[in-house]
Amino acid sequence: MLEIPIKLNVEKNQVSFETDVISGYLEGMTFDSSNKVEMIIESELGYLVFHRKELFGGDYFAPRVRSDAPDESIFDYQSFERFLLNEKLIITIIGMPNTDVVLRFRIDNI
């Protein structure tokens with residue numbers, strides 16, 4: 001298990017950060033902030049990983065992919081799979097100036 005800590009400071013109402021390439025399953029992430037913020041995490045490939053409008057305090061999240069059965073399948077079941085990453089993530093934090101945000105991504109190596 002790999003843990004990637006990221007500390008950001010919202011300087012002028014918004015800050016964006018691009019990670020290095022992350023490879024592995026996204027198990028979860030912790031969040032800590034002293035003020036309310038909006039957080040958007042998206043892949044450099046264009047899909048949304050996580051978005052919350054009001055985050056405050058400390059939290060743990062386990063983002064999952066919601067998938068459906070193929071069209072040719074008789075049974076339609078929904079599953080919530082872990083994100084398998086092999087790309088950079090773009091993190092955007094929107095909030096009050098001079099707000100510190102600490103993130104920790106937990107990655108299960110393949």
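**Group meeting talk: a walk through the strands**

Hi everyone, let's start at Ser43, which sits in strand E3. What we have here is a predicted model, so please keep that in mind as we go around. Is Ser43 buried or exposed? Its relative accessibility is 2%, so Ser43 counts as buried, the cut-off being under 20%. And what does its side chain do? The side chain of Ser43 makes a polar contact with the side chain of Glu87, at 2.9 Å. If we set aside the neighbours within four places in sequence, the residues in contact with Ser43 are Val49, Glu87, Lys88, Leu89 and Ile90.

Now stay with strand E3, please, because Gly24 is found there too. Gly24 has a relative accessibility of 0%, so this glycine counts as buried. Which residues does Gly24 touch, leaving aside those within four places in sequence? They are Phe83, Leu84, Leu85, Ile107, Asp108 and Ile110. There is also a nice pairing of distances here: Gly24 and Asn86 are 62 residues apart in sequence, yet their C-alpha atoms are 6.7 Å apart in space.

Let's move on to the nonpolar core. The largest one has 24 residues, and those with the most contacts inside it are Met39, Ile41, Ile93 and Phe105. Where do its residues come from? The elements giving two or more residues to this core are strands E1 (2-10), E3 (22-43), E4 (48-61), E6 (79-87), E7 (89-95) and E8 (99-108). Strand E3, where we began, gives the largest share, with 7 residues.

Take Phe105 as an example of a residue from that core. Not counting residues up to four places away in sequence, Phe105 touches Leu2, Glu3, Ile4, Ile6, Leu26, Gly28, Met29, Ile41, Leu89 and Ile91.

Next, the charged side chains. Side chains of opposite charge can pair when their charged atoms come close. How many salt bridges are there in this model? The count comes to 5.

One of them joins the side chains of Arg104 and Glu3, with 3.2 Å from N to O. Arg104 lies in strand E8 and Glu3 in strand E1, so this pair ties together parts that are 101 residues apart in sequence. Arg104 is partly exposed, at a relative accessible area of 35%, and Glu3 is partly exposed as well, at 43%. You may remember Glu3 from a moment ago, as a residue that Phe105 touches.

Another salt bridge is formed by Glu18 and Lys88, where the closest N and O atoms are 3.5 Å apart. Glu18 is in strand E2 (residues 14-18) and Lys88 is in the loop between E6 and E7, so to speak a link between distant parts of the chain, 70 residues apart. Glu18 counts as partly exposed at 44% relative accessibility, and Lys88 counts as partly exposed at 28%. Lys88 is also on the contact list of Ser43, our starting point.

Then we have Lys36 and Glu54, a salt bridge whose closest N and O atoms are again given as 3.5 Å apart. Here Lys36 is in strand E3 and Glu54 in strand E4, 18 residues apart. Are these two buried or exposed? Both Lys36 and Glu54 are exposed.

To finish the charged residues, Glu27, Arg82 and Asp108 are linked in a network of salt bridges. Asp108 is a name we have met before, being in contact with Gly24.

That's my tour, and thanks for listening!

Definitions and conventions:
Residues numbered from 1 in each chain as written. Predicted model: local features only at pLDDT ≥ 70, side-chain atom pairs only at ≥ 80, totals over all residues. Heavy atoms only, no water. Core = buried A, V, L, I, M, F, W, Y, C linked by side-chain atoms within 4.5 Å. Buried < 20%, exposed > 50% of the residue type's maximum accessible area, 1.4 Å probe, protein only. Helix = DSSP H or I, 4+ residues; strand = E, 2+ residues; numbered from the N terminus. Contact = heavy atoms within 4.5 Å. Salt bridge = Lys/Arg side-chain N within 4 Å of Asp/Glu carboxyl O. Polar contact = N/O pair within 3.5 Å; in protein donor to acceptor, adjacent residues only side chain to side chain.
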